[in-house]
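These are my notebook entries on the model shown below. I record what I looked up, entry by entry.

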Amino acid sequence: MDQKLIELMADLKEEETSARVRELVEAKTDPLEILAAARAAMEIVGKRFETFEYFIPDLVMAGEILTAISGIVKPLMTKGMEGPKKGRVLIATVAGDIHDIGKDIVTFMLEVSGYEVLDLGIDVPIQTVVEKTREFQPQVVGLSAFLTLAFDSMKQTIEALEAAGLRKNFKIMIGGGQVDEEIRQYVKADGYGRDAIAAVNFCKEWIGGGS
Amino acid sequence: MKEDAAELYQQREKRVQDAIALRVPDRVPVLVLFAFFPARYCGMTIQELMYDPEKLFQTQWKTMVDFEPDMDNNPFGLRYLGPILETLDFKPLKWPGHGLASDHTYQYVEGEYMKVEEYDHFLLDPTDFMIRRFWPRIMGGLSGFQLLPPLHNIISYYLGISMGFRAFAQPEVKAALETLVKAGEKSLEIATYSSRFTQQAREAGFPMQYGAVTQAPFDTLSDFFRGMKGTMLDLYRRPQKVIQACEKLLPFMLEMAVNGTRASGNPRVFIPIHWGLDSFMSPEQFKKFFWPTLRELMVALIHEGLNPCPLWEGNCTARLEIIKDIPAGKACYAFEATDMVKAKEILGGTVCIRGNVPLSIMATGTPDKVRAYCKTLIDTVAKGGGYIMDTSTGLDDAKPENVKALFDFTREYGVY
């Protein structure tokens with residue numbers, strides 16, 4: 001893997017990173033290698049976030065850089081080149097709540113970490129979560145709620161998954177706003193997380209695929 | 001005003017102002033932001049409160065007299081919004097009956113309502129940018145104002161006036177002006193109800209917590225103009241523009257607060273802080289982009305004889321040393337998830353501390369849990385005064401018995 005690319009991207013040098021990717025593409029570097037380097041850089045970004053060196057603006061910037069790299073590299077790849085995903089994760093902001101900022105960062109970090117993510121969006125009706133869970137068969141379901149009014153909606157969503165006989169097939173992680181251990185017990189989830197890295201760590205622990 | 005009510009009013013006002021001035025009051029003041037709690041408490045939907053000012057008045061009033069907070073919060077400017085928002089076709093908000101179910105709280109829809117390439121227009125003349133670009137974008141009813149020329153070019157008879165007003169003859173602009181007249185009537189109605197509530201509460205012995213509201217310039221830029229993603233990328237791609245925009249907004253944020261307090265005669269200024277928390281920015285980014293204009297705003301308010309009352313949302317424990325740097329005994333910092341003991345340790349000699357019984361306990365816990373949490377706060381943070389009991393943020397959803405426990409326990413156990 002290209003160390004220079006990894007360093008530039010991990011240091012969030014937007015223009016220099018793009019320039020390096022173009023150089024690599026011109027030198028006929030395997031696109032998979034470029035993506036692998038980008039992923040390695042994102043690992044470093046994630047670590048720096050965990051150790052309070054990086055914060056949300058830095059994650060957003062890293063995301064922007066990664067999207068730009070994918071834009072350059074993906075057209076050069078044929079379908080299926082990327083290889084198997086580490087596992088399936090279903091994500092939703094529960095019914096009645098339309099907040100998406102935290103959820104979007106979680107989805108992004110999970111995708112970057114190699115998981116196949118089905119993000120159902122915001123204000124997702126309970127029945128939709130149940131149906132999509134049945135179809136997609138995730139190993140982890142992540143539910144987000146920012147509003148206190150959405151605690152009950154989160155609880156009912158989990159109860160509906162239970163009633164549909166699906167609950168034993170996956171772990172549930174929750175997060176957002178006021179969510180804490182108190183709420184985890186109230187809605188009967190398996191874990192709650194404060195940030196996107198916590199979500200990635202839950203998936204690594206529950207599904208595997210940790211690096 | 002009845003004499004006992006007048007006396008209660010004075011006592012309550014003194015209790016809170018003593019705490020803000022870092023003196024020891026007779027007991028720990030206790031106040032909350034009831035937010036939409038009165039709806040559930042009185043068996044109404046949130047939609048009813050957003051559209052019916054009488055119902056909003058009655059439910060807020062019943063909640064106030066039942067729980068007897070040391071100060072209440074006037075609900076009109078923040079809750080009776082349905083009719084005016086519909087009149088304007090306000091787009092960045094979803095509310096019950098308008099994209100959300102009747103029992104849900106309204107929610108803001110973030111967006112890049114000011115585009116990257118519009119920074120220079122904003123910096124040159126924010127008001128011109130807002131009237132001709134921003135208002136038409138966020139309010140469908142004012143879309144006609146896109147057709148207006150820059151109004152700062154209409155200066156005198158041959159310099160602007162002679163042909164400068166022709167856009168006002170266009171049907172789209174006429175429609176926007178008619179919308180403004182209707183919105184004006186709605187605003188007047190909200191303001192009338194608002195003063196009536198404050199006046200009647202005063203006569204019943206209840207002061208209002210706040211006389212005005214304003215925001216940190218950075219929050220205003222991020223919440224309403226650039227959106228979260230836009231702002232965060234701006235920190236990298238055009239950091240100077242972010243700083244310039246915050247500096248441009250600063251006098252407006254100050255003016256808003258000063259005018260509000262002059263009109264209400266109440267010195268306390270509510271400043272909800274949205275993007276200040278630990279995980280949203282590094283300490284360096286916070287010191288560079290967020291804190292300077294917020295500090296300047298608060299210091300200017302203090303010089304005007306006012307009390308800045310920021311509500312620091314989220315966890316701001318790592319910010320405490322930075323935000324300590326303001327004149328002592330004038331401000332009240334409410335915290336949501338910040339370590340309260342640390343806050344007392346670091347800020348105790350500088351600002352009054354307020355908060356922070358978690359809403360998770362208020363909504364799903366028991367009165368015993370509420371009392372236990374309050375007891376810890378009183379035993380630690382309330383020591384030596386300079387403390388106000390409150391929940392972590394507005395109380396949309398809480399069990400009434402938990403709210404009662406919070407008030408009763410504090411009144412009983414919080415005596416100094």
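**Entry 1: domain contacts in chain A**

I began with the contacts between the two domains of chain A in this predicted model. I found that 8 residues of domain 1 of chain A are in contact with 7 residues of domain 2 of chain A. I then asked which elements give two or more residues to the side of domain 1 that touches domain 2. They are helix H3 (31-50) and helix H4 (56-73) of chain A. H3(A) gives the most to this side, with 5 residues. By class, I noted 4 nonpolar, 2 polar and 2 charged residues on the side of domain 1 that touches domain 2.

For the bounds, I took domain 1 of chain A as 3-76 and domain 2 as 88-207. I looked up the separation of the C-alpha centres of these two domains of chain A as well, and they lie 28 Å apart.

**Entry 2: chain A against chain B**

I turned next to the contacts between the chains. Here 21 residues of chain A are in contact with 27 residues of chain B. On the chain A side, H4 and helix H8 (181-187) are the elements that give two or more residues. H4(A) gives the most to the side that touches chain B, with 5 residues. I recorded the classes of the chain A side as 12 nonpolar, 4 polar and 5 charged.

I note that H4 of chain A is listed both for the side of domain 1 that touches domain 2 and for the side of chain A that touches chain B.

**Entry 3: the sheet in chain B**

I followed the strand order of an open sheet in chain B. The sheet has 6 strands in the order E4-E5-E6-E7-E8-E9, and the pairing is parallel. Its edge strands are E4 (212-213) and E9 (387-391) of chain B, each of which pairs on one side only. Within the sheet, I looked at strand E5 (268-273) and strand E6 (307-312) of chain B, which run parallel and are joined by 6 bridges.

**Entry 4: Ile273(B)**

I chose Ile273(B), which is found in strand E5 of chain B. Its bridge partner in E6(B) is Trp312(B). Is Ile273(B) buried or exposed? I recorded Ile273(B) as buried because it has 24 C-beta neighbours inside 10 Å, against a threshold of 20 or more.

Leaving aside neighbours within four places in sequence, I listed the contacts of Ile273(B) as Ala216(B), Asp219(B), Pro310(B), Leu311(B), Trp312(B) and Glu313(B). The bridge partner Trp312(B) is thus among the contacts of Ile273(B). Lastly, I checked Ile273(B) against Asn307(B): they are 34 residues apart in sequence and 15 Å apart in space, C-alpha to C-alpha.

Key:
Residues are numbered from 1 along each chain as its sequence is written. Chains are lettered from A and ligands numbered from 1 in the order in which they are written. This is a predicted model: local features need pLDDT of at least 70, side-chain atom pairs count only at pLDDT 80 or more; totals for chains, interfaces and linings use all residues. Domain bounds come from an automatic or database domain assignment. Two residues are in contact if their C-beta atoms, placed from the backbone, lie within 7 Å. Helices (H or I, at least four residues) and strands (E, at least two) are DSSP runs, numbered from the N terminus. Ala, Val, Leu, Ile, Met, Phe, Trp, Tyr, Cys and Pro count as nonpolar, Asp, Glu, Lys and Arg as charged, and the others, Gly among them, as polar. Two strands pair if DSSP finds at least two bridges between them. A residue is buried if 20 or more other C-beta atoms lie within 10 Å of its own, exposed if 12 or fewer, and partly exposed in between; C-beta atoms are placed from the backbone.
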